[in-house]
Amino acid sequence: MTSTLDSADQHAAEVPEYPMNRAEGCPFDPPPHLRTMQREAPLRRVRLWDGSTPWLVTRYGEQRALLADSRISSDPTNPGYPAPAPVSDEHSEGSPVSFILMDDPEHARLRRMVTAPFTIKRVEAMRPFVQRIVDERIDEMLTADEPVDLVDAFALPVPSLVICELLGVPYSDHDFFQRNSKVIVHRDSTTEQRSAALGTLAEYLDGLVGEKLTDPGEDLLSDLAARVESGELPRREASRMGVLLLIAGHETTANMIALGTLALLESPEQLAELRERSDDSELVASTVEELLRYLHITHNGRRRVALEDIEIAGEVIRAGEGVIVPNDIGNRDPDAFAEPDRLDIRRDARHHMAFGFGVHQCLGQPLARMELRVVYSTLYRRIPTLRLATERENISFKHDGSVYGVYELPVTW
Ligand code: HEM
């Protein structure tokens, strides 16, 4: 009996823990152990904080196949779901962040209600507004005392202003909602802290939906309020959608702006090329795709659970078993991208999975792409001597967040 337990314990010890941190030395690369795992097999077990051992899928082909498979679920209330942290009691009433954690057909029904502002045409109509706020922020930076923290002065305000405009959220409340979303995406926040922050944001959005019911504007929250009024959408769901869009709309893009800038500063030849050809829309677009692939900031892996047995790559994922899909290592699969660890702004990286894949693929991607194209084609052209104002080893990286990036990026010019 004892020997069986010993061998079970020994086997347990061989199952690596997840999540893993990126290496301090090369903080743009996925955790080194994921690379070893990718080389060895397309999927294998990992151990989570609660002792459960879901499957971790590391290769590009299997990642796409699984994310597109209707037999896997994103709903954390399904038994076996590989939760990134303890689930609070409040979740028994449903997740406070709407359809990202739901399955079709309910997911598709709710998602359809908010797709209109994210069509390419509507997003392109916002381009002059985005260009203006990017220019205004740069003007302000240029009159400030150096060094300036690029995160605080530029990377965070630009997408926050954009999502506020789109949703109809007053930007003057940005300190409040940025503080709360920081708690939500911080990996080390306790369950209580995270649900308190989510509750606070949901209450705030609910108040705004209430205001839009009586005083509608030309914005997404007003559209949702109209659906509440017509009985199509419960008010609680409208505010949950607002929470999802507000958090997703600024945290991710902000991190791409700051981390992307750091990666380009560390590749001075490519930065020089981008600066000189900043009116070449093709080069700007391929730079955006390549940085999305290379940096892959949603580094914690998509979480799913199998609803039926799924045969894949010689293994069977049983119904009720958790599946984690870390797209950061998928984006570095040599079978999908030649020399995957090289940043190459000229490559065609459009098939990357930085926006996920399958039915939950990022709704805001046309907006994020447009914002990043405006930023990368403007910032380095307008501040050609932009450089770090500190040693690289002083920069701290968000290993502890659900969105990867830098906390601060002190720059000068
Ligand atoms: C560079 C910036 C961004 C990145 C890297 C990013 C990444 C992602 C990823 C990986 C997913 C898939 C999650 C999953 O499969 O579980 C996702 C979903 C989503 N994103 Fe983004 N995102 C970005 C910007 C935005 C923006 C600007 C918005 C706009 C408000 C947005 C709204 C959403 C929404 C609503 C979903 C859920 C879609 C669904 O479940 O159907 N994202 N995003």
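I will talk about one helix and one pocket of the structure above.

This is a predicted model, in which local features need pLDDT of at least 70, side-chain atom pairs count only at pLDDT 80 or more, and totals for chains, interfaces and linings use all residues. Residues are numbered from 1 along each chain as its sequence is written, and side-chain values use heavy atoms, with hydrogens and water left out.

Let me start with helix α2, residues 32-40; helices here are DSSP runs of H or I with at least four residues, strands are runs of E with at least two, and both are numbered from the N terminus. Within α2, Leu34, Arg35, Met37 and Gln38 are buried, meaning under 20% relative accessible area with a 1.4 Å probe and protein chains only, whereas exposed means over 50%. Because these four cover an arc of only 165 degrees around the axis, they sit on the same side of α2, the arc being that of the directions from the helix axis to the C-beta atoms. On the other side of α2, Arg39 and Glu40 are exposed. The cover over the buried residues includes β1 (43-45), β2 (55-57) and α15 (327-330), where contact means heavy atoms within 4.5 Å.

Now to the second largest pocket, an open set of points on a 1 Å grid over the protein atoms alone, with protein on both sides within 12 Å along at least five of seven lines, and lined by residues with an atom within 4 Å of a point. Its lining has 26 residues, and Val151, Asp152, Leu156, Gln178 and Lys182 lie nearest its centre. The elements that give two or more residues to this lining are α7 (150-155), α9 (174-185) and α12 (235-265), and α9 gives the most, with 6 residues.

Notes: On a 1 Å grid over the protein atoms alone, a cavity is a set of points where a 1.4 Å probe fits but cannot get out, and a pocket is an open set with protein on both sides within 12 Å along at least five of seven lines; lining residues have an atom within 4 Å of a point.
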